[in-house]
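Visitor: Hello! I would like a close look at one part of this structure, with the charged side chains in mind. Could you walk me through it?

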Amino acid sequence: MGREEVDRVLAGLVAEHEAIESSLLALQDHAGRRLLEGAELTGVTKDRWATTEQAISLLWTYFDAYTDALNAAREVRARHRWPTPGELAELTELLRGPGITLPSSASLTGSPLLSEQLTLQALVDRMNRWYAEALDVIVTADAVWSALPARIDMLSAELRRTRSLAHSVGVRPGEHPSGDDLERITAELTSLRAEVVRDPLAFWSGASPSSAPGGGRPDTTRYDAAARALEDVRREIEAVLDVRQDAERRLMRLRDVLSRADRTLAEARQARGEVLAKIAASEVPAVSGPPTVLQEQLVTAAEYRRRAQWHRLSPLLESLEERADEELLRARESLTAVTAPLAVRAELRGRLDAYKAKVARHGLAEDPLLIERYDTARRMLWSAPCDLRAAEAAVLRYQQAAAETLAPRGTEPGGRRTGEVL
């Protein structure tokens, strides 16, 4: 090596020495390293930290050897401003030759030798690689510990508040599914926190934060699942609380809806008897009895409210409200179906009277044919039992006779209708 090359290589090694020293001191003071040293580790973190501790120890040994070799080279270079050929040869050997003897790093490199001979550059390369690997372990563990335990603690505090609220409304393990869910979430968070503290590296996803900033993150899959489960339970308990506040109002509405359904069914049964007596040859659907099952469940709901068993009252009220509304709708449909023949008769009566009034307005009230057909239709519609088919035919005949009688009076010269309507 020439003088200029020696000076250039020495300057680079001095700068490298300062950077390595600063990095090792920062690694030594890193909060994550101190936490790893004091923690009871398990799993992948325990295995990787055991290797990392050896690497950190060897890093300082290698750094001392690097310092000694660099100092020796600097002493030789400081002898003369213009080094002699012998000094240049000695510097070449110090800076480029494998003259640094180091203890074996078999546990890290797999080498079977008791010692190794390395060049300064090989020594620096190995130190940089071990430093990066050690930093990955320390920074990853610190990132997980900085993120997950605090979030788990906050979720656990929310869990405790939810459990207290759940107990106040009767949501307890063995008595309500949400109470069992709270027990499972509690066990999961306790287990998760212990695992995170003992094995943080098992909860990292993606690239290491030191080698690829932003490339990885703490794995929050289990935490997120527990948070979602707790949110579901919280919504269930809020529903139970809503039931406690609105229970009386909802029970009163249920009683009113079922009472209206009963009255409607009673009206339908009465109307059915009337239809059977007044309408002949008509199929009238049967009317069911009152909803006794719903009445019994309503009594049960009132008992749940009296005993403050809100967790049982909540699903029962939801079911009752849906079924009560369906029962009222069914009762109304039954009444409509039963009274349909009476509605048809009323429509025929109205139509007959409307045509009679029209005929009277045209001065044809005394027409014998119209009087005969009107009387026939009226007797059928106002007699009991009424044959609707025959009555409808009689009304139709009266309409046709009226239309034929009125036709000449309702047409102007040229065949244009006057447009008279009812």
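Visitor: Here is my starting point: does Arg255 count as buried, partly exposed or exposed, and at what relative accessibility?

Guide: Happy to take that one. Arg255 counts as partly exposed, because its relative accessibility is 37%, a value between the 20% limit for buried and the 50% limit for exposed. Please keep in mind that this is a predicted model.

Arg255 has a charged partner: its side chain forms a salt bridge with Glu248, and the closest N and O atoms are 4.0 Å apart. That is a value to look at with care, since the rule asks for a nitrogen within 4 Å of a carboxyl oxygen. Glu248 is partly exposed too, with a relative accessible area of 31%. In the domain assignment, domain 2 covers 143-240 and domain 3 covers 251-340, so you can place the two partners against those bounds, which come from an automatic or database assignment.

Now move back along the chain to helix 8, which spans residues 221-278. Here Arg234 is a good residue to centre your view on. On one side, Arg234 meets Glu231 in a salt bridge with an N to O distance of 2.3 Å. Glu231 and Arg234 are three residues apart in helix 8, about one turn of the helix. On the other side, Arg234 forms a salt bridge with Glu238, again with the closest N and O atoms 2.3 Å apart. Arg234 and Glu238 are four residues apart in the helix, so about one helical turn separates them.

How open are these side chains? Arg234 is partly exposed at 26% relative accessibility, Glu231 is partly exposed at 28%, and Glu238 is partly exposed with a relative accessible area of 35%. Beyond these two pairs, there is a network of salt bridges linking Glu231, Asp232, Arg234, Arg235 and Glu238. Across the structure, the count comes to 21 salt bridges.

For a contrast with charged pairs, turn to helix 3, residues 43-77. A search of the whole structure finds three aromatic pairs. One of them joins Trp60 and Phe63 edge-to-face, with 6.1 Å from centre to centre and 85° between the planes. Trp60 and Phe63 are three residues apart in helix 3, so about one helical turn lies between them. Phe63 is buried, with a relative accessible area of 5%, whereas Trp60 counts as partly exposed at 25%.

Finally, step back to the setting of these details. The protein chain holds 13 helices and six strands. Its C-alpha atoms fill a box of roughly 155 × 70 × 35 Å along the principal axes. The radius of gyration is 49 Å, while a compact globule of 422 residues would have one near 22 Å. The C-alpha centres of domain 2 and domain 4 lie 80 Å apart. Of the 422 residues, 36% count as buried. Among contacts with a separation of 6 or more, 73% come from residues 24 or more positions apart. The accessible surface comes to about 22,900 Å², and carbon and sulfur atoms account for 52% of that area.

How values were computed. Residues numbered from 1 in each chain as written. Heavy atoms only, no water. Helix = DSSP H or I, 4+ residues; strand = E, 2+ residues; numbered from the N terminus. Buried < 20%, exposed > 50% of the residue type's maximum accessible area, 1.4 Å probe, protein only. Rg over C-alpha atoms; globule rule 2.2 N^0.38 Å. Contact = heavy atoms within 4.5 Å. Areas by Shrake-Rupley, 256 points an atom, 1.4 Å probe, with all protein chains shown as cover. Phe/Tyr/Trp six-rings, centres within 6.5 Å; stacked < 30°, edge-to-face > 60°.
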